[in-house]
Amino acid sequence: MPRDLIISHAAGMNSTMSVAGVESTFVERLSEYLVSLPYDLKILQEAVTDPDLEKPIRLMAACTVVHTMLPQEGEPGPLRYVDDVLFVRMALDKVGEGDSEGAVEFRRRFDELYARLPEDLKLFSSVLGDLWPWLSGKVAGFGKLSLKGKKAAQAVDDEEIATFFYDEGLAFQTNYTVTEEQVANKFRRAEQVIDLLRKRYDDDKKKIA
């Protein structure tokens, strides 16, 4: 991905921040969230079983959890999880959206995450450009996913299935091997993420065609 496209994508960010600053912040935030993915996923799992949240929101959270725990595509390494990092951030935004009692309380419980989330989403959407709405649109298709024969929708109404997914999440956390050192060694430029997602975007378009 040419650097001038990153400049164009980053134009919507704070005008006082240089292009290098935008790229650096983008890499820094994604690097942090690649390491913290299992713990952020656990927060999303809290939403799945939260009775004060609306059922469609809980279902969306469950679908995103299942997608993240499925076997990963692509070459081994931390960047294979980068789309899941973005999907989890999108889902967390939807969970905390609005002024319902459930959403307000959820934001209060995880206030540090939600204090930073609007800035994160603005950063990601600005740098990724047209790839961002494509990624957002993919979340709607997660409803058909299943893990070990259990569908995400079942977790919303069935406590036993919800417990199953929670246990699978703990296993995911235990088996997740991405470290700060790995990320620092493999991920240094925004173009790496843009190129990877662009390839997946092009592959999606070919499947539709």
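## Residue A91 in helix α4

A91 belongs to helix α4, which spans residues 82–95. The model described here is predicted. With a relative accessible area of 2%, A91 is buried, because burial is assigned to residues under 20%.

When neighbours within four places in sequence are left aside, the contacts of A91 are L44, M60 and T64. A separation of 9.5 Å is found between the C-alpha atoms of A91 and A62, two residues that stand 29 residues apart along the chain.

## Helix α6 and its kink

Helix α6 covers residues 111–128 and therefore contains 18 residues. From the first C-alpha to the last, α6 reaches 26 Å, close to the 26 Å expected at 1.5 Å a residue. The helix nevertheless contains a kink of about 40° at L117, shortly before the proline P118. After α6 comes G129, which has a positive phi, near 60°.

The buried residues of α6 are L113, Y114, L117, D120, L121, L123, F124, S126, V127 and L128. L117, the site of the kink, is thus one of the buried positions. D120, an acidic residue in helix α6, is buried with a relative accessible area of 1%. Apart from neighbours within four places in sequence, D120 is in contact with R29, Y33 and R89.

## Aromatic pairs

A search of the whole structure identifies ten aromatic pairs. One of them joins F26 and F124 in an edge-to-face arrangement, with 5.9 Å from centre to centre and 85° between the planes. Because F26 lies in helix α2 and F124 in helix α6, this pair ties together parts that are 98 residues apart in sequence. F26 counts as buried at 0% relative accessibility, and F124 is likewise buried, with a relative accessible area of 0%.

A second example is the pair of F106 and F110, which is tilted, with 5.0 Å from centre to centre and 55° between the planes. Both F106 and F110 are buried. F26 and F124 also belong, together with W132, to one aromatic cluster.

## Helix α9 and its buried side

Helix α9 comprises 17 residues, 159–175. Its reach from first C-alpha to last is 24 Å, close to the 24 Å expected at 1.5 Å a residue. Within α9, the buried residues are I161, A162, F164, F165, E168, G169 and F172. They lie on the same side of α9, because they cover an arc of only 155° around the axis. On the other side of the helix, E159, E160 and T174 are exposed.

The partners against which the buried residues of α9 pack are α2 (19–48), α3 (55–69), β1 (146–147), β2 (150–151) and α8 (152–157). At the N-terminal end, α9 is capped by D158, which places a side-chain oxygen 2.9 Å from the backbone nitrogen of E160.

## Q45 in helix α2

Q45 is located in helix α2 and is buried, with a relative accessible area of 8%. Not counting residues up to four places away in sequence, Q45 touches V65, F165, Y166 and G169. Of these partners, F165 and G169 are among the buried residues of α9, and the buried residues of α9 pack against α2.

## Exposed positions: P56 and K148

P56 occurs in helix α3 and counts as exposed, at 57% relative accessibility. The C-alpha atoms of P56 and A153 are 9.6 Å apart in space, while the two residues are 97 residues apart in sequence.

K148 is placed in the loop between β1 and β2. At 59% relative accessibility, K148 counts as exposed. The phi of K148 is positive, about 55°, although K148 is not a glycine. Most residues other than glycine have a negative phi.

Note on methods. Residues numbered from 1 in each chain as written. Predicted model: local features only at pLDDT ≥ 70, side-chain atom pairs only at ≥ 80, totals over all residues. Heavy atoms only, no water. Helix = DSSP H or I, 4+ residues; strand = E, 2+ residues; numbered from the N terminus. Expected span 1.5 Å × (residues − 1). Bend = angle between axes of the 7 residues up to and from the residue. Buried < 20%, exposed > 50% of the residue type's maximum accessible area, 1.4 Å probe, protein only. Arc of directions from axis to C-beta. Contact = heavy atoms within 4.5 Å. Polar contact = N/O pair within 3.5 Å; in protein donor to acceptor, adjacent residues only side chain to side chain. Phe/Tyr/Trp six-rings, centres within 6.5 Å; stacked < 30°, edge-to-face > 60°.
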